[in-house]
Structures are given as structure tokens and as C-alpha cells.
Amino acid sequence: MWRGLWTLPALAARGLRRSCSRQGSGAPAPSSGATIFALSSGQGRCGVAVIRTSGPASGPALRSLTAGRDLPPARSARLRLLSDPRSGEPLDRALVLWFPGPQSFTGEDCAEFHVHGGPAVVSGVLQALSGVPGLRPAEAGEFTRRAFTHGKLSLTEVEGLADLIHAETEAQRRQALRQLDGELGRLCHDWAETLTTALAHVEAYIDFGEDDNLEEDVLERGGAYWSVGAGDTLASQPSELPSLPPFCLPPVDSSVRGLQAALGAHLRDARRGQRLRSGAHVVVAGPPNAGKSSLVNLLSRKPVSIVSPEPGTTRDVLETPVDLAGFPALLSDTAGLREGVGPVEQEGVRRARARLEQADLILAVLDACDLASPSSCNFLDTVVAHVGDRSPNGSSQRLLLVLNKLDLLPSEGLGPSPDLPPYLLLSCVTGEGLDSLLEALRKELATVCGDPSTGPPLLTRARHQYHLQSCLDALGHYKEARDLALEAEALRVARGHLAHLTGGGGTEEILDVIFRDFCVGK
Ligand SMILES: Nc1nc2c(ncn2[C@@H]2O[C@H](COP(=O)(O)OP(=O)(O)OP(=O)(O)O)[C@@H](O)[C@H]2O)c(=O)[nH]1
Ligand SMILES: [K+]
Ligand SMILES: [Mg+2]
């Protein structure tokens, strides 16, 4: 029952007192004051090289290299003669750009010099910049760090940017762009908002519950709240405010349940994003002489493995990173699986089996003309038939069965053969069937790595997984808590992990939510 009235100043004072005593301010770190400069395009001879500066002396630096001319209009390229301010020596005729903060990549004043890419020009301009007072060379990643400090990028966006720079395959690029776009951060932000609301409710109950100013069912948690306009007071009885539209706040328990479900679903997917970032483990296996090494060479477009008509050629596991149908993969060639061979080959077979255990995707290769042989039958029985039921690293393995040497197959097709699961026909010699294999690989890898063009944003790093798991654990503690203070603490810990994920923090927004969601007038 509402028996008293809340006044905004009283609430603000209480909320502020609590929010200040609990945690330090989340204020952004102040700018270091130094202005940094660096070559931002790649090293080496190139058509155009881009040199950037960031910091308060960017404007003076730009002016001093252009013989004191006025700054160009913001964000608009101008052709200028660059010269060394100390010697006056001309350096290059270049395009210059001026990005006054905060509308720049770092949030600070920035300048860009697009110069001719010869090493002498680049080093001349860098030297000239180093002579401008207040300028120093940038540390690795310092531009991005400043962008983060000034709130231009969240931590997950910073990671996306790093991944974009390092992306080698199309799928990696798409994923990195999505992350840079802030998708994962937005998702975490939405989750954190849900927790902030829940926490605000629990804390309001702790603070104001004893004053009987809050209804019992704020926590149990299906209470309807009544929104009132400025100047009005709050009332709990619909009959008292018949003309005002009610709005239901999400009950705390059910929002925690919803969040647990969402986090659980994301964590089940967790390895996929990491595979996309670092490559899926694709292991090529099969009986001796099936053409495994030939397939590895074909897929990697280089002679990684020795190919020979002699069975037992490959002994060690040979790994090569490849772009498979747009997805990054670590392709492993292995020894042909067979029994009763010498100790060296036996060790090769042992290693091959160990590698199979770690595979995300198995490329099982058989000789299409040799399906009835003991080694083929044994491979089908021991590896292919069992792939569904083992999951060594928690996620289920996948397998593509490839029948190789299609070019040697008689026109009648496959000879006497055991019952086969679905398969693809291929010739490593003629390349026939390769397109279908690549298409099948693309589908499999989209499942294994997650398809960055569709579906929810992926957790590309172990760090993401850690914080989401810790958030989920804390929500478990909320459920077990038998006391409001412990519940609030669990929610705070859970929210802290989401904040860490995106590199943010702060608790000020709790107060905002109290004002907004509890609709205290005045
Ligand atoms: N005609 C034909 N020969 C092939 C094909 N693929 C591989 N071969 C030949 O089959 C033989 C064995 O090929 P490898 O790639 O060494 O086979 P492997 O499975 O790696 O053999 P091990 O490492 O000994 O287990 C070589 O002589 C290849 O040239 C194919 O598609 N058609
Ligand atoms: K061979
Ligand atoms: Mg081989």
C-alpha cells in the first residue's frame, strides 16, 4: 500500500548517498594531454601513406607543417604543400584532413596527412611531426585506446576492430564488422539494463520497504505500477486513478529467469564464435592411400603433404591454416588408420586418433574403388558410424564422408560396398566434385563456427564466455538467496560482469531507473 508520498529530492538524496558510497565514480580517464602521431597505413613502399595525429596539438601541428595556413574545413580534404617547420624544406604535396574533436575517431582533435607512400616522404613527415612541441610517437593501439577512453568504442567494439584488421577470411571479416558495429555490446547493454531495473526494484524495496512506501509485490513480483504525470502523487489502487494508463514493470524473478535463458543460449553457442576467430579444427582421416594428403593439398592450394602411391606415406599430423569456403580452418592431415604396422606408423596412427578426438569437423576420405577392403570397412565401423555419439569437447562433432578417386570409378558406379551414410564423390586428380565439396564444407562450417551473416552475435573470445558464464552463475546465486541484501548483491555482481564485457561500469544509471521506472512525480 502506498501510504506516504515520495518527493524527488528526498529520493535523489537517498539514492545518491547509496550510489556514491557503494562504488567509485565511473568517470572516463582524463586525456593524457599528449598529442600522438603515427603512420596508420601499412609499412613499406605504397601509393599513398596515411599519417595521423590525435590530441590537442593536432591543429597546431597541421598548421605548422602547412607553413601556417589556416586549418582546412572540418572533415574535408585539401591539397597542401607540406614542409618541415624547422628547416622550411618541402616534403610533399599532400591531402590533409582536419577532424576537430569530439567528432573524430578518438574523440580528440585529429589530423590526417595523406602523403605519397615513398619511405623518404613518410620518414620526412614523421620527423617533422616529432619536432612539433607537444607531439610524440603513438604507442601500439594508442589511437584505439583513446577512442575507448573517450567513449567512442566499447571494449567489444575495440575487439571487433582488432579482429577486422586481422581478418583473413570473409566470414571473419563479416563477424568482426558486426562486432565493430557494436552488436554484442548492444546485447550486453540490453541485458545490463534488465539487471539494472531488477536491481533498482530490489534496492528500492530494501531502502523504502521499511517505510511501507512500496508494495510487497514489487518483488513477488508481478506488481502493477501506476504511472503518474508530473505533479501527481503515486497511488496503488486503480480506482484512485481511473484515467491513468497502467504500465507493468517486468517482475524481477521473471526477468532474471528470462535473462538466464538468454545467457544460457548464448553460452551454448560460445565455442562457435571462438572457432570463427581462430579457425575450426578440420581433420582429414581415412584408411591408407585413400587420398587424404591429396585432398589436403587440393584444399590448401599448396603442396603441404607428400603424396605417393605407397600406403603409409603420412606419419605425423600436418597442420595448415586455410580459408575453407570463406571460413578459417586449421586443416590437419593424418596417417592412414590401419592395424599391424611397424612402430613408427603405429605412432602416426595413435596421433591421428588423438587428433580426431579434437576435431570440430572430420573429413572422412575413402577410396571409392576400395570400399569393401578391410581397412575401409574398419574405418567406416570405428570412426564414421560413431561420430554422432561422441562429443569429446562438449560440442558434437560433425563429419563429411568423401569418396575419392571418382575418376577411377567404372561407369556402373560404386562396386560392392557396405551400407553408407550420405557421401560426396570427388576426384583429387581431376577436381571433379570439388565445388560440391566446398559447398558442403561451407554449410558444415557455418554450423561449426556460426554464420556471421545471420543469427545472434557470437562470443569471439574466451573473455566474453568467462564474463557471461560468471553473470549466469551470479544469477544462480540470486535464485538461491534468502535475503534481499544477498539478492541485490548477486544482481550487482551479475551486472558487473556484463559491464566488464563491454568495458564499462558505474552505477549511476540505477538512480535514473528509480526515477524513470518508479515514476516519482516532481
Ligand atoms: N586416380 C586418382 N588417384 C588419386 C586421387 N587422389 C589421390 N590419388 C593417388 O592415390 C595415391 C595416394 O594418395 P595420397 O594422397 O598419398 O593418399 P593418403 O591417403 O594421404 O595416403 P597415406 O598418407 O599413405 O595414408 C597417390 O598415388 C595419389 O596420386 C584421385 O582422385 N584419383
Ligand atoms: K600414400
Ligand atoms: Mg597421406
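Okay, let's start with a pair of helices: α5 and α6 are roughly antiparallel to each other, because an angle over 145 degrees counts as that. I should say right away that this is a predicted model.

So how do those two helices sit? Two packed helices are described by the angle between their axes and the distance between the axes. Here, α5 covers residues 155-166 and α6 covers residues 170-180, and their axes come within 7 Å and cross at roughly 155°. The crossing of α5 and α6 is left-handed. If you want to find the contact on screen, look on α5 for residues including T156, G160, L161 and L164, and on α6 for residues including Q172, R173, A176 and L180. By class, that contact has 5 nonpolar, 4 polar and 4 charged residues.

Next, a hairpin. Strand β3, residues 78-83, pairs with strand β4, residues 90-99, in the antiparallel sense, with 6 bridges. One to click on is L81, whose bridge partner in β4 is R93. There are 6 residues between the two strands, and in this hairpin G88 takes a positive phi near 75°.

Now scroll along to the sheet. What is the strand order in this open sheet of 6 strands? Reading across, you get β10-β11-β9-β12-β13-β14, and the pairing is mixed. The edges are β10, at 318-324, and β14, at 424-425; each has a single partner strand, so one side of each is left without a neighbour in the sheet. Sitting on this sheet is helix α10, residues 292-300, which touches β9, β10, β11, β12 and β13. The direction of α10 makes about 155° with that of β11.

Inside the sheet, β9 (residues 280-285) and β11 (residues 327-333) pair in the parallel sense over 5 bridges. For example, V284 has D333 in β11 as its bridge partner.

Okay, how confident is the predictor? The mean pLDDT of the protein chain is 79, and 80% of its residues reach 70 or more. Which element has the lowest mean pLDDT, and which the highest? The lowest is strand β8, residues 246-248, at 29, and the highest is β12, at 97. Go to residues 1-31 and the pLDDT is below 50, though this stretch has 37 contacts in the model beyond near neighbours in sequence. Over residues 506-522 the pLDDT also stays under 50, and there the model has 40 contacts beyond four places in sequence. For the complex, the predictor gives an ipTM of 0.99 and a pTM of 0.64.

That's my tour, thanks!

Notes. Residues are numbered from 1 along each chain as its sequence is written. Chains are lettered from A and ligands numbered from 1 in the order in which they are written. This is a predicted model: local features need pLDDT of at least 70, side-chain atom pairs count only at pLDDT 80 or more; totals for chains, interfaces and linings use all residues. Two strands pair if DSSP finds at least two bridges between them. Helices (H or I, at least four residues) and strands (E, at least two) are DSSP runs, numbered from the N terminus. Two residues are in contact if their C-beta atoms, placed from the backbone, lie within 7 Å. Axes are lines fitted to C-alpha atoms, for helices over the stretch in contact, and angles run from 0 to 180 degrees between N-to-C directions. pLDDT is the predictor's confidence in each residue, from 0 to 100. Angles under 35 degrees count as roughly parallel, over 145 as roughly antiparallel, 65 to 115 as roughly perpendicular and the rest as oblique. A crossing is left-handed if the near helix is turned anticlockwise from the far one by less than a right angle, and right-handed if clockwise. Ala, Val, Leu, Ile, Met, Phe, Trp, Tyr, Cys and Pro count as nonpolar, Asp, Glu, Lys and Arg as charged, and the others, Gly among them, as polar.
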